[in-house]
Each structure stands twice: as C-alpha cells, then as structure tokens.
Amino acid sequence: MSEGTSMVMESSENGTNLSQDDTGTIVEMPESTILSQQTSVNLVPFIGQRFISQDAAYEFYCSFAKQCGFSIRRHRTRGKDGVGRGVTRRDFTCHRGGYPQMKLSEDGRMQRNRKSFRCGCQAYMRIVRRADFNVPEWRVTAFSNIHNHELLKTNEVCLLPAHCTITPDDKARICMFAKAGMSVRQMLRLMELEKGVRLGCLLFTEIDVRNLLQSFRNVNRDNDPIDLIAMCKKLKDEDPNFQYDFKLDGHNRLDHIAWTYASSVQLYETFGDAVVFDTTHRLDSYDMLLGVWVGVDNNGMASFFGCVLLRDENIQSFSWGLKTFRGFMKGKAPQTLLSDQNMWLKEAIAIEMPETKHAFSICHIISKFSDWFSVMLGSRYDDWKSDFYRLYSLEQLEDFEEEWREMIDKYGLHDNKHIISLYALRMFWALPFLRPYFFAGLTSLCQSETILAFIQRILSAQSQLDRFVEQVAEIVEFNDRIGSKQKMPRKPQKVCLKTGSPIESHAATILTPYAFGKLQEELLLAPQYASFVVDEDCFEVKHHTQMDGGCKVIWILCEEQISCSCHYFEFSGILCRHVLRVLSTNNCFSIPDQYLPGRWRINSSPSTNPPKNAMREHSEKIQLLESTTSRLIAESVETEERLDVACEQTAIVLSRIKDLPRSTHSANDIIYNCQSGLILPEVGDTDGIVQSFTMGTPHEPLSSGKLKDRRPRDGIDITRKQRQFSGSYSGQFEHDSSDCPMMGGDNLNGDALGYM
C-alpha cells in the first residue's frame with residue numbers, strides 16, 4: 001500500500017462533524033493496484049454520490065468490488081426498518097472485514113476453531129439517507145479502499161458467493177427451461193448466448209443452478225396448494241371471522257387464492273379509504289404472483305388488509321383478486337388505490353372498482369429513471385431529476401402543463417418513448433391531477449418506504465404455502481400489537497406546542513401525534529403567507545415573496561365551509577397553511593369539527609364516535625367522560641387484577657345505563673368536541689397553563705370565558721392561571737383593542753391573538 005493517501009472527513013446528517021467512529025476516508029490507490037488497472041473512472045465511489053435506494057448503492061459497490069477483486073457484505077446500520085425514521089445510515093464492508101468470533105454450541109461448549117477468511121480489512125463505504133425536494137436519497141459520506149489482503153483475479157472473484165447471484169428474471173427462465181426438459185448445461189449455454197457473454201462468464205455457476213433446481217424440487221407443487229386450502233379451512237374453523245376464497249383450474253389445481261384476517265377487516269372499516277395494492281413480488285418456488293393490500297392507520301403505521309396469490313398475470317386474474325377482496329370487505333371499495341405501473345391491473349381496477357381513483361406509485365416510477373435517462377442525459381441527469389420532482393409537486397394543472405413543455409424543450413426529450421409514456425399517463429402519477437382525491441399521505445416516498453418495509457417482512461416469511469399463511473398471520477398480529485400500543489391511552493403528557501396558537505392547542509387534544517405533527521408543519525409555515533380579501537367569502541393567500549399567483553380560499557362562514565384551491569385537505573385530510581392563515585387572521589381560534597377527520601383522530605373507531613350536532617350544554621360532560629375513560633384504561637392496564645376489576649365494573653355500569661329511559665331528543669342533538677368549531681376545549685400548553693377560549697363570529701368582539709378551578713389532586717387545589725397577553729392589534733376588519741371588552745378587562749391585546 002502506498003504511504004501517501006488523501007483523507008477526507010465526512011459530515012453528519014445535520015452538517016456537524018461526526019465522532020471518530022463516524023469518520024471515513026477516501027483513498028488514492030497506487031498505480032500498481034488492480035483498481036487502477038481494471039476499474040473505470042466512472043465506477044469508483046466518491047463522497048457525495050447519490051443513490052435512489054440502499055439496494056442501488058449495494059449493487060453499485062458490488063460491481064466496483066467485483067472489478068477490484070473482492071466482494072462486500074452489509075454491515076452496521078443506524079435505525080431499523082418500520083421503526084421511527086427507519087434506517088438512516090448503512091455501512092457496506094469488504095467480505096474479509098472484522099474478525100471471527102467463537103460461538104457456543106447448543107450444549108454450551110465452544111465450537112471448534114474453523115478457519116475464517118476474515119482478517120479485519122478496513123475497506124468500506126457508508127451511505128446516509130437525506131431528503132432533497134422532499135424526496136429521500138442515499139448519499140455516500142465515507143469511502144475507504146484500503147485492503148490488508150491480496151485481491152483476487154478476475155477468474156477467481158466471480159466464484160465468491162456474493163457475486164454468484166441469480167436474478168428473479170433468470171430464475172423464472174431457469175424454471176421454464178426445467179419444465180421444457182433441458183439439462184443444466186444446455187440452460188447455461190443458452191443463457192450465455194442470450195446475454196452475449198463468453199463461455200463460463202455468467203454471474204452464476206452450474207452448481208448455483210443445480211442448487212436452485214433442487215430448492216424447486218423440494219417444493220411439492222401438487223400437495224402444497226392442497227395443504228394451503230386445508231390450513232385456511234382450519235383457520236376458518238378456529239376463527240369464523242377469518243375469510244378466504246380460492247379458484248381451481250380445469251385440472252383441479254389451485255389457480256388463485258386470497259385471504260384476510262378478522263383484525264384486517266376491522267382496520268379496513270376505518271382506514272380503508274386509501275389502499276396500496278402491491279403486486280411487484282412473486283413466490284418463485286410456486287411460480288405465483290403475490291399481491292398485498294396495505295393501508296395506513298391514524299398513527300401513520302402500515303395496516304395489513306389482505307393477501308392474494310395469482311397463477312397468471314392478466315386482466316382476468318387481477319379482476320378475480322379485486323372482486324374477492326371487495327367481497328371480504330362487505331362490498332366497500334377504497335376511495336383511492338395505489339399500485340405499480342401495471343396495465344393489466346389498471347384495466348382490472350377500471351372494471352371491478354370504477355368508482356375508485358386509481359394512481360401509480362411514484363416510487364416505482366422513479367426507480368426506473370436511472371436506467372431510462374442517466375446515460376442519455378449524462379451530467380444533466382441530476383438537474384433533470386430536480387426539475388421532474390418540482391413538476392411532480394406542483395399544485396396547479398396549468399403550471400404543470402406549461403412547465404412540462406419547457407422541460408421537454410430544455411432537455412430535448414421530444415421523441416423519448418419514456419417521456420411520451422409518462423405524459424400520456426400523467427393523470428395517474430402527477431400530483432396536480434391527484435390532489436382532489438384523498439390518499440392519506442401514501443403518495444409520499446417516506447410512507448412508501450414504511451409500507452415496503454412491512455411487505456418485505458411478509459416476503460421474508462416465504463416457506464411452504466400452508467406455513468406461509470400462518471407466518472403472515474404472525475406478522476400481522478405483531479403489527480397489530482404495535483398499533484394497539486400506539487393507541488393505548490397513557491398518563492397525560494405535555495404536548496410540545498411550537499406556535500402558541502389556540503388552533504394548535506385545540507388540534508392537540510383531538511388528533512393523533514402523527515396527524516398533529518403534519519398539521520403543526522402547516523401551522524409553522526402559515527405566518528409566511530399574506531391573506532387578502534377578494535370579496536365577501538373569498539380570500540387570496542400567497543407567500544410573502546410572491547408578487548403574482550397564490551391560492552384562493554373560499555370561506556362560507558354561515559355554513560362553516562372552507563376550501564382552498566391547493567386541495568391539500570382533500571388530498572391529505574389536514575388543513576393547509578393557506579386555510580390556517582385565513583382562520584387566524586379572521587379571529588377563529590379552533591378548527592371546525594368537519595375539518596378534523598375521524599380517521600386522524602385519537603379515537604378513530606366509528607363505533608366510538610358520539611353523534612354530531614348537539615346541544616352545547618353536553619359538551620363538558622362528554623369531555624369529562626372521555627377523560628375519565630382514558631384514565632380508567634391507563635390505570636387498569638397496570639396489572640391483570642386491575643384489568644379484571646375494570647372490565648367487571650364497566651359491564652355493571654353499562655348494564656345500568658341501558659336500563660335507564662332514553663332521551664326524547666334525537667341522536668343529532670348531542671354535541672361532540674364542539675362541532676361548531678367556536679369553543680376551544682381545554683389543553684395544557686408547554687408552560688403548563690390551561691387555555692380556554694370562547695368566541696363568536698370573526699367580526700364580533702371576543703368575550704372572556706368563565707375560568708374554572710382545576711379538580712383537586714392529592715389533596716392540593718390547583719387554581720388555573722390566566723393567560724396574559726401584551727401588545728396591540730388592529731386587523732383588516734377594524735377590530736379596535738381599545739373598545740374590546742375582553743382586552744379591556746383582562747389586559748389582553750392583539751399581539752397574543754394575532755399569533756400569525
């Protein structure tokens with residue numbers, strides 16, 4: 001190794017210097033190494049290099065390693081799939097990195113010291129996930145190519161296990177060749193001719209093909225589907241709410257089968273408005289396509305809805321799967337459905353679910369960009385990708401059409417077949433065409449990664465078919481337990497309020513932390529926008545740096561209806577920054593009930609939502625009952641004995657309530673969470689101060705509400721503190737602080753109320 005090397009320190013995700021463990025080097029190799037002899041300059045990793053996914057980075061580094069004469073393996077990560085932000089850092093190391101460790105056998109003895117190829121090699125590449133243009137990418141932040149061992153020759157490196165990979169397409173062809181009765185050598189020779197490679201230069205060897213065929217032979221294609229049906233029947237006998245259906249072909253063999261679980265049907269009832277139907281994976285051993293229906297719950301977690309195995313990939317097969325799934329869900333079709341860009345599936349959805357808005361997942365589209373455009377555009381590829389992301393995220397259709405034409409002219413893509421196809425199908429993937437429909441955030445790449453991680457867990461359960469259903473059930477049960485922990489009431493904790501606005505305090509009491517975080521992002525951006533009155537019910541809202549354009553907000557006060565031309569609420573179920581700006585400047589201190597959708601609420605089950613439109617005097621009792629119920633659950637789950645007592649006493653109380661006579665009022669006379677949006681429920685801010693506001697119309701003076709004493713706890717009577725404000729306020733509706741009874745009596749003024 002050369003003594004003189006150049007070292008470059010990497011930076012952490014937030015731009016600060018990392019610890020010694022987090023630093024890396026990029027090494028200048030001497031001319032005598034195999035790197036300078038055989039590696040193309042474009043194939044050498046460099047700090048700042050970007051990849052669309054971990055797998056893309058792995059494939060690139062694997063190709064680099066193969067040319068250098070070594071192989072790689074996945075090493076340490078920061079984060080975990082499906083937990084928090086997921087994996088945020090990944091290290092790939094030389095296959096000889098690290099040192100062998102002695103392991104204990106089952107009887108507690110040390111295993112015999114087998115010879116290991118690991119010698120502590122320090123060569124590695126580190127990638128870190130970052131987000132530009134709200135699109136996650138993986139960037140190389142550290143790279144070292146210093147080896148303490150000899151590198152292999154070209155004819156030797158291909159024998160390393162990491163380089164003897166068989167792609168899914170090659171597996172399918174080998175399976176087809178085996179059905180045709182070809183020998184292994186005939187298969188290899190035919191594939192060499194197809195790929196145009198020299199004899200013996202495929203990525204896999206004869207032994208790899210024979211091992212693959214042996215794994216296929218271990219699968220009983222005739223009996224396993226029969227065992228699968230028997231397993232489904234057994235699960236149906238154990239749980240009547242388990243549902244399955246199947247179809248046999250003309251030879252009495254399994255053609256299609258679909259199933260779902262009781263918990264999945266319940267989740268779909270509440271969260272089945274937006275669904276992902278993933279059909280990008282196959283069970284190679286059985287030559288069947290795997291389809292998975294997944295959604296997202298009110299905590300932003302993946303929710304499993306159902307599975308299907310299809311023998312063929314055509315319109316008839318997809319139609320059967322969609323019709324069966326809809327039957328499982330009592331005929332209810334989702335409002336929106338995301339899938340990969342499959343034309344047969346597209347036609348089947350149009351037939352079986354004509355009322356459902358079908359869209360293509362953007363992550364499946366952009367994963368193909370590197371193959372489609374990187375070579376053709378060369379150094380301009382990154383600039384084009386940035387322009388595409390900006391076009392994809394536009395709000396107005398007119399802006400999209402105009403800027404799409406400008407992009408085509410700028411990069412000379414008029415005759416590109418992929419660009420022509422993307423434009424023809426733009427209504428299925430471009431956000432300006434999808435915003436009027438509710439997708440619950442499923443179109444974002446971050447949410448796509450969460451769902452993909454969940455599907456990968458299902459794929460990792462591949463085994464014999466009958467065991468596959470059981471293993472999927474275990475994964476679903478585990479996921480449901482995590483979801484139950486998220487929804488379980490806990491002891492009250494302070495919510496971090498970042499704006500100090502009553503709207504934020506109001507939403508914190510109703511929305512889940514996931515949904516509240518989304519609303520909070522919009523609240524933080526709202527002060528950057530200016531609101532102008534166009535006419536009585538119309539406002540124009542635009543960023544303070546904009547001279548033209550902006551969004552139009554329509555607010556019909558008497559009907560409590562408000563909408564924005566950006567369609568963000570229709571798209572995500574969260575009010576946009578433009579609407580929040582209009583509400584704040586017009587003295588509205590809480591969000592109307594209809595703009596806090598049930599699917600994003602803490603208690604989102606339809607059976608638990610009290611009736612709407614009610615008499616105001618019941619609101620405090622309902623809030624007290626909700627608080628008491630949450631406290632009851634939090635205290636009961638401490639021990640099994642407490643839980644038993646709580647269940648017993650709750651049953652007695654419920655029985656007594658049912659025996660009481662019903663009210664003469666209709667169900668619509670009960671209020672819940674102040675449906676009018678003009679009364680703000682109580683909430684503690686970051687200072688522990690409890691706020692309570694009551695207001696009239698936006699143009700009327702505010703009147704102070706009656707302050708109540710907090711309930712004594714542990715013998716101590718804590719009196720609520722009264723919020724003090726300072727400053728002055730004058731708005732476009734000529735509300736003068738000098739004659740406001742609330743400000744005059746309580747030393748309140750407009751800087752506190754005009755928080756935006």
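This report describes salt bridges, aromatic pairs, a charged surface patch and burial in a predicted model.

## Salt bridges

The structure holds 22 salt bridges. One of them joins the side chains of Glu-137 and Arg-50, with a distance of 3.6 Å from N to O. Because Glu-137 belongs to strand S5 and Arg-50 to strand S1 (residues 50-51), this pair ties together parts that are 87 residues apart in sequence. The two partners can also be described by their exposure: Glu-137 is buried, with a relative accessible area of 3%, whereas Arg-50 is partly exposed, with a relative accessible area of 28%. Arg-50 and Glu-137 are, moreover, linked with Asp-382 and Lys-385 in a network of salt bridges.

A salt bridge is also formed by Glu-194 and Arg-173, whose closest N and O atoms are 2.5 Å apart. Since Glu-194 lies in helix H5 (residues 184-195) and Arg-173 in helix H4 (residues 168-179), the pair ties together parts that are 21 residues apart in sequence. Glu-194 counts as partly exposed at 43% relative accessibility, and Arg-173 likewise counts as partly exposed, at 29% relative accessibility. A further salt bridge is found between Glu-347 and Lys-346, where the closest N and O atoms are 3.7 Å apart. Here Glu-347 is partly exposed, with a relative accessible area of 37%, while Lys-346 counts as buried at 19% relative accessibility, because the cut-off for burial is under 20%.

## Aromatic pairs

The count of aromatic pairs comes to 35. In the pair of Tyr-61 and Phe-143, the ring centres are 6.4 Å apart and the planes stand at 85°, so the arrangement is edge-to-face, given that planes over 60 degrees apart are classed in that way. Tyr-61 lies in helix H2 (residues 54-68) and Phe-143 in strand S5 (residues 135-144), so the contact ties together parts that are 82 residues apart in sequence. Both Tyr-61 and Phe-143 are buried. Strand S5 therefore contributes Phe-143 to this ring pair and Glu-137 to the salt bridge with Arg-50 described above.

Ring pairs also link a cluster made up of Phe-369, Trp-372, Phe-373, Tyr-381, Trp-384, Phe-388, Tyr-389, Phe-400, Trp-404, Tyr-423, Trp-429 and Phe-433.

## A negative surface patch

On the surface, Glu-395, Glu-398, Asp-399, Glu-402, Glu-406 and Asp-409 gather in a patch of negative charge. Asp-409, one of the members of this patch, is placed in helix H14 (residues 397-411). Asp-409 is exposed, with a relative accessible area of 52%, which places this residue above the 50% cut-off for exposure.

## Buried elements

Helix H8 (residues 262-271) is largely enclosed by the rest of the structure, because 7 of its 10 residues are buried. The buried residues in H8 are Ala-262, Ser-264, Val-265, Leu-267, Tyr-268, Thr-270 and Phe-271.

Burial is also seen in a loop, where Met-301 is placed between strand S9 (288-296) and strand S10 (302-310). Met-301 is buried, with a relative accessible area of 15%. Although Met-301 and Phe-454 are 153 residues apart in sequence, the distance between them in space is 9.5 Å, C-alpha to C-alpha.

Technical notes
Residues are numbered from 1 along each chain as its sequence is written. This is a predicted model: local features need pLDDT of at least 70, side-chain atom pairs count only at pLDDT 80 or more; totals for chains, interfaces and linings use all residues. Side-chain values use heavy atoms; hydrogens and water are left out. Patches are made of residues with over 30% relative accessible area and no salt bridge: like charges are joined within 9 Å, nonpolar side chains (Val, Leu, Ile, Met, Phe, Trp, Tyr) within 5 Å. Accessible areas come from the Shrake-Rupley method with a 1.4 Å probe; for residues, only the protein chains shown count as cover. A salt bridge is a side-chain nitrogen of Lys or Arg within 4 Å of a carboxyl oxygen of Asp or Glu. Lys and Arg count as positive and Asp and Glu as negative; His and the chain ends are not counted. The place of a charge is taken as NZ of Lys, CZ of Arg, CG of Asp or CD of Glu. Helices (H or I, at least four residues) and strands (E, at least two) are DSSP runs, numbered from the N terminus. Buried means under 20% relative accessible area, exposed over 50%, partly exposed in between (1.4 Å probe, protein chains only). Rings of Phe, Tyr and Trp (its six-membered ring) pair if their centres lie within 6.5 Å; planes under 30 degrees apart count as stacked, over 60 as edge-to-face and the rest as tilted.
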